[in-house]
Structure formats: structure tokens, C-alpha cells
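Here are a few exercises to work through with the model open beside you. Try each task before reading its solution.

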Amino acid sequence: MPGTIVKTAAEFIAAIEKKHAQQLELIPAEWRIPVGKLPAEDQTRVIDFTATCGILTAEELEIILKDAEEIVNLTSTGKLSCVAVTTAFCKAAAISHQLTNCLTEIFFAQALERAKELDEIFSKTGKSNGALFGLPISLKDQFEIKGTECNMGVASWIGQISKENSVLVDILQNAGATLHCRTNVSQALMFAESDNYVYGRSSNPFNRKLTPGGNGGEGATVAMRGSVIGVGTDLGGSVRIPAAYNGLYGLRPTLHRLPYAGARNTLLGLESIASALGPLSHSLSGIKLFVQAVLEAKPWFLDPKTPEIPWRQEMADLKHLKNADGSDRKPVFGVMRWDEYVMPWPPVKRAINMTVDGLKKAGYEVVDFSPPFPAAKAEDIVTRVYSSDGGEDLRRTFAPSGEPRHPMMVTAEDTPHLSTYESWQLNLEKYEVATAWLKAWNATAERTSTGQPVDGIILPPSANVAHKHGEWPKNIIYTSLFNMIDYPGMIIPVRSAADAALDPVDKDFKPANPKDADIQAMYSPEEYAGAPITVQLVCRRFREEECIGLAGVVSSCL
């Protein structure tokens with residue numbers, strides 16, 4: 001904005017260090033890693049550190065390895081106390097933060113007090129009080145909790161205290177969850193690395209030279225078992241990319257299927273492509289439990305944008321899949337191996353091959369699917385939508401603190417401010433993409449043995465695995481495409497990682513364009529070894545239950 005003084009990144013270092021000191025004070029002394037036991041800075045892999053550092057007891061280590069469904073079964077029958085579960089995950093979250101800088105606001109004391117209350121309720125009534133009873137859940141630094149600071153990593157918003165809970169927070173607490181921390185984000189939520197001028201940069205626990213993604217604080221926390229379920233948001237991939245970068249399940253649902261009301265955000269009012277909230281978890285049962293619990297709260301009475309679509313168990317069980325004669329049928333999958341714009345790196349291609357081979361070996365039909373709309377053109381549309389205000393929203397947001405735009409920001413600062421008419425034309429371009437995909441999906445019926453279209457399409461979550469700090473390829477169309485055409489997408493771990501022996505540089509690679517050449521040249525088998533690999537599954541709109549059910553089929557074949 002005119003007259004605004006923009007500071008340098010270096011001018012925020014002291015404030016970040018002060019915030020780090022405040023965070024450490026909120027971690028009990030006995031949960032802090034002694035200086036002599038901290039991994040050396042050049043020790044990149046810390047994913048296993050929690051199990052060996054001695055801070056968690058043997059019982060607590062067992063607790064954090066359980067999936068969401070198992071934990072709720074134990075707490076709701078009195079076999080595990082909510083305090084024991086919450087303590088275990090708070091300890092693990094504290095460790096993950098000390099190693100990766102993944103947390104923002106820490107609520108360990110409040111979460112333990114809430115867990116104590118839940119145990120007292122069970123002691124008096126012999127019953128649990130919700131579908132998420134005693135389940136520790138972490139939140140992206142957008143979801144407001146009354147009486148706590150929520151600055152979303154924006155320096156201008158430091159010290160702002162939430163006056164009300166986000167709708168989702170009320171739903172989770174009413175379902176019996178304990179909310180123990182919020183997690184780190186990219187500045188303004190606009191690039192695929194968790195780094196900002198309030199909390200600094202987060203690292204990937206599989207390799208600290210790599211990023212955990214844009215909502216990577218959540219990815220790192222869940223990956224290190226600091227949370228059973230993490231809640232993220234996804235405008236261009238910020239649930240799916242952290243899930244992919246950290247080897248987790250992650251669901252970006254159809255827009256508004258889950259209630260976003262009351263969450264903080266930038267670009268508020270942007271409707272052409274908007275952000276959807278979704279869960280990340282080690283287990284598919286965690287994804288299912290979260291979505292089902294939120295929908296059982298009837299969020300359409302709490303968020304005016306949420307459609308009245310209750311949880312559909314038959315769809316989750318895939319019992320809705322029928323042949324023309326009404327008999328049950330197996331699901332049929334499509335596979336899009338690349339978008340004909342940017343070729344995935346060798347480990348990502350191997351993940352796709354593993355998945356397709358596993359499905360075919362198990363007797364499932366998989367047909368090839370070609371991108372029906374040029375990915376480069378789709379990427380251009382997405383970028384123009386994000387920056388259609390000419391950068392005004394971000395300038396207004398950053399002006400009070402003078403914080404500079406992060407150099408990895410997906411949008412440029414000098415983009416044109418579109419007129420209302422120009423925005424309308426951009427929406428028409430967006431619908432052209434959606435129409436092309438709808439027609440192509442329907443046309444797969446001509447190539448399946450069932451005579452019906454494929455049920456889900458498998459494709460890469462990104463051309464790359466977790467990237468090195470500060471070296472983002474700036475290619476998100478593998479995810480942002482589905483924000484634009486609004487398909488639900490699930491990240492599915494293949495339980496493997498980039499491997500120098502299995503994933504050598506492709507010597508036969510021929511670039512389709514300069515960007516393709518540049519991104520492929522960034523790959524090094526040795527530098528990215530150990531980074532998790534995953535696949536993405538997309539389904540038709542408002543079919544989250546089907547997406548979860550199909551993900552279960554895929555996972556069972558890996």
C-alpha cells in the first residue's frame with residue numbers, strides 16, 4: 001500500500017526467537033530434550049527419535065502407535081483414560097516441535113484439564129460423551145479457540161485473541177476431542193513450505209533438509225505421532241501436499257462439505273476457488289472417523305455454506321456400486337500417470353506403478369486416463385484466480401507489520417487487478433476445465449468392462465517428493481486442478497520412500513517443455529532418499545464416502 005514501509009526478513013529474526021522461547025516455556029521441563037541428547041543439526045532423519053529419547057514411557061509409546069478408531073474404542077470403554085492418551089500425544093507433540101519447529105500455539109495444560117474432565121464424566125456415567133472421546137486432535141493455525149491467540153503466522157496479527165470458537169472447534173469439543181496444539185503454516189497460506197515471520201520454518205522429520213509442506217506443521221506433527229488426527233485446509237493442495245510429503249493419509253473434500261465457518265484466512269471473499277478443510281492421519285480409519293463425526297453434528301445448521309448431506313455408510317462400504325442388472329460390482333479405477341505438462345520424478349512414478357500393479361494383481365480393473373484439458377493452461381487459470389485482486393488483500397494484511405512477501409509466494413506482487421467483468425470471464429474459463437473433465441470421466445464408460453465410468457482416478461500428488469528448503473518447484477497443478485474443478489482428493493501412502501537404487505535419474509527423459517526440464521533437473525536420487533512416496537485418488541464431487549471406501553481398496557492392495 002502507498003507509504004507502507006516494508007521491512008527485511010532479517011528484521012523479524014529476533015521476534016521469531018522470542019516466540020520460540022515462549023513456546024518452550026509452555027512445554028513442561030521434563031518433556032524437554034536435554035541439550036546433550038538433541039540430534040546434531042546434520043542428523044537429518046528424526047522420525048524415530050520419539051521412541052528412543054526416553055521421554056515417553058513404554059505404555060505411552062504403545063498409545064501413540066494406535067490408530068484413531070482403536071483409541072476411541074479404548075477410551076469409551078474405560079480401558080484407557082483420556083488423561084493417559086492426551087499425555088502421551090502431548091509429549092510426542094512436544095518432541096516433534098523441538099526437532100522440527102512444527103507447532104504454533106501450545107495448549108497442553110488446557111488439553112490435559114479437558115481430558116481430566118472427560119475421565120470424570122466417564123467415571124460418573126459409565127459412558128463416553130462423543131464419537132471422538134478422548135482423541136487428541138491438532139489444528140492448523142487457522143481454527144480459532146476462544147481466549148487464545150490465533151495469528152496464522154501473520155506478523156500483523158500477533159496478539160489477536162479469538163473471541164469465539166470456529167464452528168469446527170465446537171463440533172470437535174462436543175464430540176469429546178482434546179485440542180492440544182495448533183501447527184505451523186506458510187505465510188498467508190500461499191506456498192508449499194511452512195515458513196513465516198512469526199514462527200519461522202518447519203522441517204520434515206524424515207529429512208530435515210526437506211520441507212514438510214505448506215501446512216507442514218500439521219504434516220510433521222502427525223508424522224511424528226504428536227497427534228492422532230490433524231486438521232488442515234486446502235486451497236491448492238495444503239492438506240494433500242503435507243500428507244504426501246510426510247507419508248500420511250489426507251483428504252481434501254468437496255468444497256463446503258465440512259464446515260469452515262469461523263476460521264481465519266487470507267483472501268476472504270475469493271469464491272472462484274476457495275479453501276476446504278480436511279483431515280490428515282496415519283490411518284484411513286482416522287480420516288473416516290473424523291469426517292463421520294463432523295457430519296453427525298449436522299454442520300449445515302452451523303455453517304450456511306455447508307450442504308445438508310449426512311454421512312452415507314452404504315457409499316463408504318461401496319455397496320452402491322452396481323452392475324446394470326443391479327448386482328454388486330467391484331470398483332473400477334482410472335490411472336493418469338502424468339498430466340503431459342510436468343513429468344513426475346522417478347520415485348513418484350514408482351509409487352503409481354506400485355499402486356496400479358497391486359490393484360491389477362488383486363483383480364481390479366484399471367484403465368488409462370489422459371488429461372482432457374492442457375495442464376499448463378489450467379495452471380494459468382488457477383494462478384490468475386488467486387491473484388485476481390492484484391495482490392490487494394495481502395498488501396492490506398502485511399501493511400501493519402511491514403512484513404515482506406515471502407520469496408516462494410505462489411502469486412506475484414505486481415499482478416493485474418481484474419475488473420468484475422474480467423473475473424466473470426475467468427470463471428467461464430474455469431468452467432471450461434470442469435466441463436472437459438466431466439465429459440472425459442463419463443467417456444471412460446466406453447472403455448471399462450462394466451460399461452460404467454471409472455469410480456476413481458489415481459494420479460501423482462505432485463511431480464516431486466518433499467522438496468529442499470527454499471527450492472520449491474512451484475508446480476501445484478496436480479493438486480490445485482481439483483480445487484478448481486472441486487473434486488475430492490485423497491492422499492494414500494504406499495509405505496515406501498524415495499530410494500537411490502530403485503529411483504535413479506531417468507536417462508531417457510525428454511522434456512515436454514522448459515518447466516518440465518527444470519523440475520526434472522532438480523531431482524537427485526541421493527539427496528531425496530528417504531522422502532515418503534504416495535499417490536492421489538480423486539473422485540466425483542460430494543462423494544467423500546466413496547473416496548474413503550476406494551482408498552481402503554487401494555491401501556489393501558499395496
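**Exercise 1: the sheet.** In what order do the 11 strands of the open sheet lie?

Solution. Some ground rules come first: this is a predicted model, where local features need pLDDT of at least 70 and side-chain atom pairs count only at pLDDT 80 or more, while totals for chains, interfaces and linings use all residues. Residues are numbered from 1 along each chain as its sequence is written, and side-chain values use heavy atoms, with hydrogens and water left out.

Step 1: fix the elements. Helices (H or I, at least four residues) and strands (E, at least two) are DSSP runs, numbered from the N terminus. Two strands pair if DSSP finds at least two bridges between them.

Step 2: read across. The order is 1-3-2-6-8-7-12-13-11-9-10, and the pairing is mixed.

Step 3: look at the ends. Strand 1 (103-106) and strand 10 (365-368) are the edges, each pairing on one side only. Strand 1 runs antiparallel to strand 3 (residues 178-183), with two bridges between them; Leu 103 has Thr 183 as its bridge partner in strand 3.

**Exercise 2: strand 11.** Work out which strands flank strand 11 (456-459) and where its side chains go.

Solution. Step 1: take strand 9 (332-335). Three bridges join strand 9 to strand 11, and the two run parallel; one partnership puts Phe 333 opposite Gly 456.

Step 2: take strand 13 (532-538). Three bridges link strand 13 to strand 11 as well, but this pair is antiparallel, with Leu 459 partnered by Gln 536.

Step 3: sort the side chains. In a regular strand they alternate between the two faces of the sheet. Here Gly 456 and Ile 458 point one way, Ile 457 and Leu 459 the other, and all are buried (under 20% relative accessible area, with exposed over 50% and partly exposed in between, using a 1.4 Å probe and protein chains only).

**Exercise 3: two helices.** Describe how helix 4 (residues 68-75) meets helix 10 (residues 284-296).

Solution. Step 1: get the geometry. The axes come within 7 Å and cross at roughly 65 degrees. Axes are lines fitted to C-alpha atoms, for helices over the stretch in contact, and angles run from 0 to 180 degrees between N-to-C directions.

Step 2: list who touches whom. Ala 68, Glu 69 and Val 72 of helix 4 meet Ser 285, Gly 286 and Leu 289 of helix 10, contact being heavy atoms within 4.5 Å.

Step 3: classify. The contact has three nonpolar, two polar and one charged residues; Ala, Val, Leu, Ile, Met, Phe, Trp, Tyr, Cys and Pro count as nonpolar, Asp, Glu, Lys and Arg as charged, and the others, Gly among them, as polar.

**Exercise 4: odd backbones.** Is Met 152 buried or exposed? And what about His 256?

Solution. Step 1: Met 152 has a positive phi of about 60 degrees although it is not a glycine, and sits in the loop between strand 2 (136-140) and helix 7 (167-174). Met 152 counts as buried because its relative accessibility is 0%.

Step 2: His 256, also a non-glycine, has a positive phi of about 75 degrees. His 256 lies in the loop between strand 7 and strand 8 (276-281), and its relative accessible area is 22%, so it is partly exposed.
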